[in-house]
Amino acid sequence: MAFKAYENDGGLMVEGDYEVICLKAEETLTKNGNPVIAFDFQVRSDVEQRYQRKHIFKNFYMDSHTGEWPMEKIGKMANALGIEKGAEFELSDLIGRCCILHMKPFEGQDGVRRDAIFYAKRTEAGEAIQTIPGQQQDESGFTPVQKEELPF
C-alpha cells in the first residue's frame with residue numbers, strides 16, 4: 001500500500017484567524033488537582049485553511065483570592081460560540097459550536113513561546129458540517145437528526 005506525505009504543521013501557528021469547532025468544554029481537574037474549565041477546539045476541516053484538525057486548548061482557572069471563575073471571560077467565549085448576550089448556558093451547550101480564534105505566538109514569563117488565543121469572535125463560515133469524534137453516525141457518515149431538532 002502506498003502512503004502520501006503531508007507537511008508537518010507542528011510548532012507554533014502563524015498569526016491569524018482560524019475557524020474552529022468546540023469539541024470539549026468541561027469543568028475538570030489539572031494533573032496537580034486544581035479545578036479548571038478546559039476547552040478543546042479543533043481547526044475546522046470543512047473550511048479551507050491551514051492547520052486543519054489541529055487542536056487548540058484553552059483553560060480558565062479560578063481566581064486565587066476569591067475562588068471564583070472568570071465569568072466575564074467564559075461568557076465572552078460563549079458569546080463568540082453563538083450564545084446570545086445575557087443568556088444562561090451550561091458548558092455542554094458550547095460543544096459542537098463554531099467560532100473564530102485569533103491566534104498569535106506569545107512569549108511567557110518563562111521565556112517559552114506558545115500559541116495563544118488573543119480573542120474570539122463569531123464564525124463567518126457558519127456552523128460546521130464536519131463530524132465531532134464520538135457522535136453517532138449512520139452508514140452514510142451523517143449524524144442522524146430527529147424531527148424535533150429541526151428549526152423549521
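Leaving aside its neighbours within four places in sequence, which residues is Ile56 in contact with? I'll come to that in point 3; here are my notes in order.

1. First, the basics. This is a predicted model, and residue numbers start from 1 along the chain as its sequence is written. The chain has five strands plus one helix. Reading from the N terminus, the order of elements is β-β-β-α-β-β.

2. On the overall numbers: the chain has 152 residues, and 28% of them count as buried. About 10,900 Å² of the chain is exposed, with carbon and sulfur atoms supplying 50% of that area. If you take the contacts with a separation of 6 or more, 52% of them come from residues 24 or more positions apart.

3. Back to Ile56. Once neighbours within four places in sequence are set aside, Ile56 is in contact with Met13, Val20, Phe39, Asp40, Phe41, Val43, Leu101, Met103 and Ile117. Ile56 also shows up in the largest nonpolar core, a set of 24 residues. Within that core, the residues touching the most other members are Val20, Phe39, Phe41, Ile56, Leu81, Leu94 and Leu101. As for where the core residues come from, at least two are supplied by each of β1 (16–29), β2 (35–43), β3 (55–61), α1 (71–80) and β4 (98–107).

4. Have a look at the loop between β2 and β3, where Tyr51 sits. Tyr51 is not a glycine, yet its phi is positive, at about 65 degrees. Tyr51 counts as buried because its relative accessibility is 4%, and the cut-off for buried is under 20%.

5. Arg53 lies in that loop between β2 and β3 as well. Arg53 has a positive phi too, about 75 degrees, and again it is not a glycine. With a relative accessible area of 46%, Arg53 is partly exposed. In sequence, Arg53 and Val20 are 33 residues apart, while in space their C-alpha atoms are 8.8 Å apart. Val20, remember, is one of the core residues that touch the most other members.

6. Now the cysteines. How many disulfides does the structure hold? Zero. For Cys98, which is in no disulfide, the nearest cysteine sulfur is that of Cys99, 7.7 Å away. Cys99 is in no disulfide either, and its nearest cysteine sulfur is that of Cys98, at 7.7 Å. A disulfide needs the two sulfur atoms within 2.5 Å, so this pair doesn't qualify. Cys98 is buried, at a relative accessible area of 1%, and Cys99 counts as buried at 0% relative accessibility.

7. Last, the surface. Phe106, Phe118 and Tyr119 make a nonpolar surface patch of about 320 Å². Tyr119 belongs to strand β5, which covers residues 113–122. Is Tyr119 buried or partly exposed? Tyr119 counts as partly exposed, because its relative accessibility is 41%.

Definitions and conventions:
This is a predicted model: local features need pLDDT of at least 70, side-chain atom pairs count only at pLDDT 80 or more; totals for chains, interfaces and linings use all residues. Side-chain values use heavy atoms; hydrogens and water are left out. Patches are made of residues with over 30% relative accessible area and no salt bridge: like charges are joined within 9 Å, nonpolar side chains (Val, Leu, Ile, Met, Phe, Trp, Tyr) within 5 Å. Accessible areas come from the Shrake-Rupley method with a 1.4 Å probe; for residues, only the protein chains shown count as cover. A salt bridge is a side-chain nitrogen of Lys or Arg within 4 Å of a carboxyl oxygen of Asp or Glu. Helices (H or I, at least four residues) and strands (E, at least two) are DSSP runs, numbered from the N terminus. Buried means under 20% relative accessible area, exposed over 50%, partly exposed in between (1.4 Å probe, protein chains only). A nonpolar core is a set of buried Ala, Val, Leu, Ile, Met, Phe, Trp, Tyr and Cys residues joined through side-chain atoms within 4.5 Å. Contact means heavy atoms within 4.5 Å.
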